[in-house]
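Here is a colleague's note to read beside the model. Take the points in order and find each place in the structure as you go.

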Amino acid sequence: MYYAVRVNGLSCKDPAAVVSDDFFAGADKLRDEVSERYGFSALTVQIPGLNTQGQRYARVDLAPGAIFPPHYHPRAAETALVLEGSVYFGFVSSYPDNKLFSKVLHKGDVFAVPQGLMHFLYNNGTAPATLYASLSSQNPGLVLLADALFAGALPDDLLAKTLLTDKHTVDNIRANFRPS
């Protein structure tokens, strides 16, 4: 039974109905999201007992050569542990410095990225890579930069001026983001 009270968009469970399974979750199930374009899959790990605690967890798998492209979480910092394989990870500081902080991470390594900063993962190895991520918000948000720019409704002339290019180049790139 769930109360009518909602926090972060999720119903709160009646405390009398809480069970042990509300505090345990598996991270070995099929993935929620699979990106054919980028080659990663992500599984949001649902732990109902943590509702309202400001936390989100995810498992990320990257095939060899795959990327979790440049993105940011507007409402969360992130840390992640490499469970298998290795990845090239990096994030970029804010304007005007735009400094790249990056490193190749291996099994057992952990990375941290501050809230709202653009970051990426690239499996530049020959074996699949798996990570377990922790985000500091129940609703961290996810903005994939290329998708936001080219799959969205920004006017072509605005994008061309922003990227210091021409409309033809923008059209060519956008063609890669249109549904087939």
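**Notes on the strands and the charged pairs**

1. Begin with strands E4 and E5. Strand E4 covers residues 40-45, and 6 bridges join E4 to E5. The two run antiparallel. One pair to find is valine 45, whose bridge partner in E5 is tyrosine 57.

2. Now look to E5's pairing with E12. Strand E12 spans residues 129-135 and is joined to E5 by 7 bridges. This pairing is antiparallel too. Here aspartate 61 stands opposite threonine 130 in E12. Strands of a sheet pair through backbone hydrogen bonds, either parallel or antiparallel.

3. How many residues of strand E5 are buried? The strand runs over residues 56-62, and 7 of its 7 residues are buried. In a regular strand the side chains alternate between the two faces of the sheet. On one side of E5 sit Arg56, Ala58, Val60 and Leu62. On the other are Tyr57, Arg59 and Asp61. Both faces are covered.

4. E5 also holds a charged pair. Side chains of opposite charge can pair when their charged atoms come close. The side chains of aspartate 61 and arginine 59 meet in a salt bridge, at 2.9 Å from N to O. Why does aspartate 61 count as buried? The cut-off is under 20% relative accessible area, and aspartate 61 is at 13%. Arginine 59, with a relative accessible area of 16%, is buried as well.

5. Step back to the whole chain. This is a predicted model. The protein chain has 180 residues, and 34% of them count as buried. Its secondary structure comes to 3 helices and 13 strands. Consider contacts with a separation of 6 or more: 64% of them are between residues 24 or more positions apart. The accessible surface is about 10,600 Å², and carbon and sulfur atoms account for 58% of it.

6. Next, an open sheet. It is formed by 5 strands in the order E9-E8-E11-E6-E13, with antiparallel pairing. Strands E9 (100-106) and E13 (143-144) stand at the edges. Each has a single partner strand, so one side of each is left without a neighbour in the sheet. Strand E6, residues 67-72, pairs with E13 over 2 bridges. In that pairing, histidine 71 stands opposite leucine 144.

7. A search of the whole structure finds 5 salt bridges. One of them joins the side chains of lysine 107 and glutamate 84, at 3.4 Å from N to O. The pair links distant parts of the chain, 23 residues apart. Lysine 107 is in the loop between E9 and strand E10 (110-113), while glutamate 84 is in strand E7 (residues 78-84). Are these two residues buried or exposed? Lysine 107 counts as exposed, at 56% relative accessibility. Glutamate 84 is partly exposed, at 40%.

8. Finish with the helices. Aspartate 156 forms a salt bridge with arginine 174, and their closest N and O atoms are 3.3 Å apart. Aspartate 156 lies in helix H2 (residues 156-162) and arginine 174 in helix H3 (residues 167-175), so the pair ties together parts that are 18 residues apart in sequence. Aspartate 156 and arginine 174 are both buried. Which residues are linked in a network of salt bridges? They are Asp156, Lys167, Asp171 and Arg174.

Technical notes:
Residues are numbered from 1 along each chain as its sequence is written. This is a predicted model: local features need pLDDT of at least 70, side-chain atom pairs count only at pLDDT 80 or more; totals for chains, interfaces and linings use all residues. Side-chain values use heavy atoms; hydrogens and water are left out. Helices (H or I, at least four residues) and strands (E, at least two) are DSSP runs, numbered from the N terminus. Buried means under 20% relative accessible area, exposed over 50%, partly exposed in between (1.4 Å probe, protein chains only). Contact means heavy atoms within 4.5 Å. Accessible areas come from the Shrake-Rupley method with a 1.4 Å probe; for residues, only the protein chains shown count as cover. Two strands pair if DSSP finds at least two bridges between them. A salt bridge is a side-chain nitrogen of Lys or Arg within 4 Å of a carboxyl oxygen of Asp or Glu.
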